[in-house]
Amino acid sequence: GEQCNIVPDNVDDIVADIAQEEKEEDDTPETCIYSNWSPWSACSSATCEKGKRMRQRMLKAQLDLSVPCPHTQDFEPCMGPGCSDEDASTCMMSEWITWSPCSVSCGTGARSRERYVKQFPDDGSVCTLPTEETENCVVNEDCSTSSCLVTEWGEWDVCSATCGLGMKRRERMVKMPPADGSICGAEVLEVEKCMMPECHTIPCLLTPWSEWSDCSVTCGKGLRTRQRTLKSPVELGDCTEELEQVEKCMLPECPIDCVMSDWTEWSECNKSCGKGHTIRTRIVTMEPQFGGDPCTETIHRKKCKIRKCSRGQGNSDEKRRRKEQREKRRSKQGRVEGASEHPGCRMRPWSSWTECTKLCGGGIQERLMIVKQKFKTAQLSSCKDRKEIRACNVHPC
C-alpha cells in the first residue's frame, strides 16, 4: 500500500524539498525524503466504541537505495463519537429506549427513558454516564368535567414524500369522554409538513420523432401525425412530454362534378295540328370545379303530333313563319298577308311574347294569334285562335 518511489528531476528539487520538510524526531534516515504527514483521519468506529485512526505521508525520493526507508502510514487507537470526555471515552452505552407513558392521565406529570452499559472501562472503573432521563409531560391540559381524557400522541408517521416537501401525521385516542356527556373537543389528529432530501428529477429519455405520416385524405384538407416513444423506464418517474403530434395537411382540391336540377315537366306542343315539338328544361345548380365531370344538356326536345291539319293548312306554317318576320318590320303589308294565311278568316298579328315565368332556372313564354273576322266559307278546323310556347331564362340561378 505504499507509494511508488519517485525519482527527482534534479538535485535542486531535492534540496528544495529537504528545506521545506519539518524534521521529525524519529530515526528516519536522511536519505529518505518524505512529504509532511497528513491530518489524522476520523475514527473508524461510528459509535462509542474502540476504533483506530490513521495518517500517511509520501516517499518523494530515496537517495541511497541500500538504506531502507521506514513506513509511510501511521495508526493509533481511538474511540468513536458520543463518548463522555469525563469518562475518557471508555464507557460504551446503548441507544436510549422509548419514553415511558406519562405518569398522569390528566394534567402535568413525568415520563422517563433508559439505556444500559454495553461495555465497562478496561481498567475496571465505574461508568458515570447516566442510564436514565426524566422530563415533564402534559396530558389533557383541561381537567374539568367537560373535558375528555386522551392518550399521549403517538409517533409521527413516515413522511408522505420520498423527496422534497411532504406531509406527516400522528394520532392519539380518546380514553374517556367528558363526564357531563358533552362532545369531546380534543384534537386526535395532527398533520404537519416534512421536508425530505431534494428530489433529483430524471429527464425523459425519448426517441427522435418519426417521419410524418401520409395525409389522411387523397385530396383537399386532412391531418397527418408523427410519434416518438419513451426510452427510460416508467418507474423512473412521470414523463409529461408529448408522444404524438398532429398537424393539418393540404393536397390538391378534390374534383367537384357538375350538379343539375331535375327535369321540368314537358311543355305543351308548339303546334295545334300536324307535327310539332315539345320541350323540357333543367338548370345547373353547381358548376364543375378542379376537373370534375362537365355539365350535360339543359334542354330536351321531342316531336309531338296532335291531329292532322285540314287542306291548305299544311303550308300555312311556312306562311306563318314568313308572317313573323314581317311582324318584326311592323309593316301594314305584313298584317294583310298575315290575315290571308288562314282561308275563311282574318287573324290579328301575333301578340308579344309574355314575360318569362321564371327569372332563372328555365321558364316558359307564350304568344297568341287571335281570330279577327271569320267568314262563312271558313272551315271549323282552320279558323281558330293559335298559341306558341318557347323556353326562356334557362341559365342557372
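How many salt bridges does a search of the whole structure find? Here are some notes to help you find your way around.

1. To start with that question: the search turns up 14 salt bridges. Keep in mind that this is a predicted model. One pair to look at is Arg113 with Glu133, where the closest N and O atoms sit 2.9 Å apart. This pair links distant parts of the chain, with Arg113 in strand β6 (residues 107–114) and Glu133 in strand β8, 20 residues apart.

2. Strand β8 comes up again at the largest pocket. That pocket has a volume of about 570 Å³, and 25 residues line it. If you want to place its centre, go to Val138, Val139, Thr151, Glu152 and Trp153, which are the closest lining residues to that point. Strand β8 (residues 132–139) gives the largest share of the lining, three residues.

3. What is the lining of the largest pocket made of, by nonpolar, polar and charged residues? It's a mix: ten are nonpolar, eight are polar and seven are charged.

4. Now for the disulfides. Searching the whole structure gives nine of them. One is the link between Cys148 and Cys184, with the sulfur atoms 1.7 Å apart. The link of Cys148 and Cys184 is right-handed, with 50 degrees about the S-S bond. Cys148 is in the loop between β8 and β9 (149–150), while Cys184 is in the loop between β11 (174–176) and β12, so this pair ties together parts that are 36 residues apart in sequence.

5. Strand β12 also has a place in a surface feature. Met167, Val174, Val188, Leu189 and Val191 make a nonpolar surface patch of about 370 Å². Of these residues, Val191 has its place in strand β12 (residues 189–195).

6. Last, the enclosed spaces. Rolling a probe the size of a water molecule over the atoms shows where empty space is left. Two cavities of 30 Å³ or more are counted here. The second largest cavity has a volume of about 40 Å³.

7. Which residues line the second largest cavity? They are Asn270, Ser272, Arg320, Trp350, Arg386, Lys387 and Glu388. By class, that lining has one nonpolar, two polar and four charged residues. Strand β22 (residues 386–392) supplies the largest share of the lining of this cavity, three residues.

Definitions and conventions. Residues are numbered from 1 along each chain as its sequence is written. This is a predicted model: local features need pLDDT of at least 70, side-chain atom pairs count only at pLDDT 80 or more; totals for chains, interfaces and linings use all residues. Side-chain values use heavy atoms; hydrogens and water are left out. Patches are made of residues with over 30% relative accessible area and no salt bridge: like charges are joined within 9 Å, nonpolar side chains (Val, Leu, Ile, Met, Phe, Trp, Tyr) within 5 Å. Accessible areas come from the Shrake-Rupley method with a 1.4 Å probe; for residues, only the protein chains shown count as cover. A salt bridge is a side-chain nitrogen of Lys or Arg within 4 Å of a carboxyl oxygen of Asp or Glu. Helices (H or I, at least four residues) and strands (E, at least two) are DSSP runs, numbered from the N terminus. On a 1 Å grid over the protein atoms alone, a cavity is a set of points where a 1.4 Å probe fits but cannot get out, and a pocket is an open set with protein on both sides within 12 Å along at least five of seven lines; lining residues have an atom within 4 Å of a point. Grid points are joined across faces, edges and corners, and a volume is the space filled by probe spheres set on the points. Ala, Val, Leu, Ile, Met, Phe, Trp, Tyr, Cys and Pro count as nonpolar, Asp, Glu, Lys and Arg as charged, and the others, Gly among them, as polar. A disulfide is a pair of cysteine sulfur atoms within 2.5 Å.
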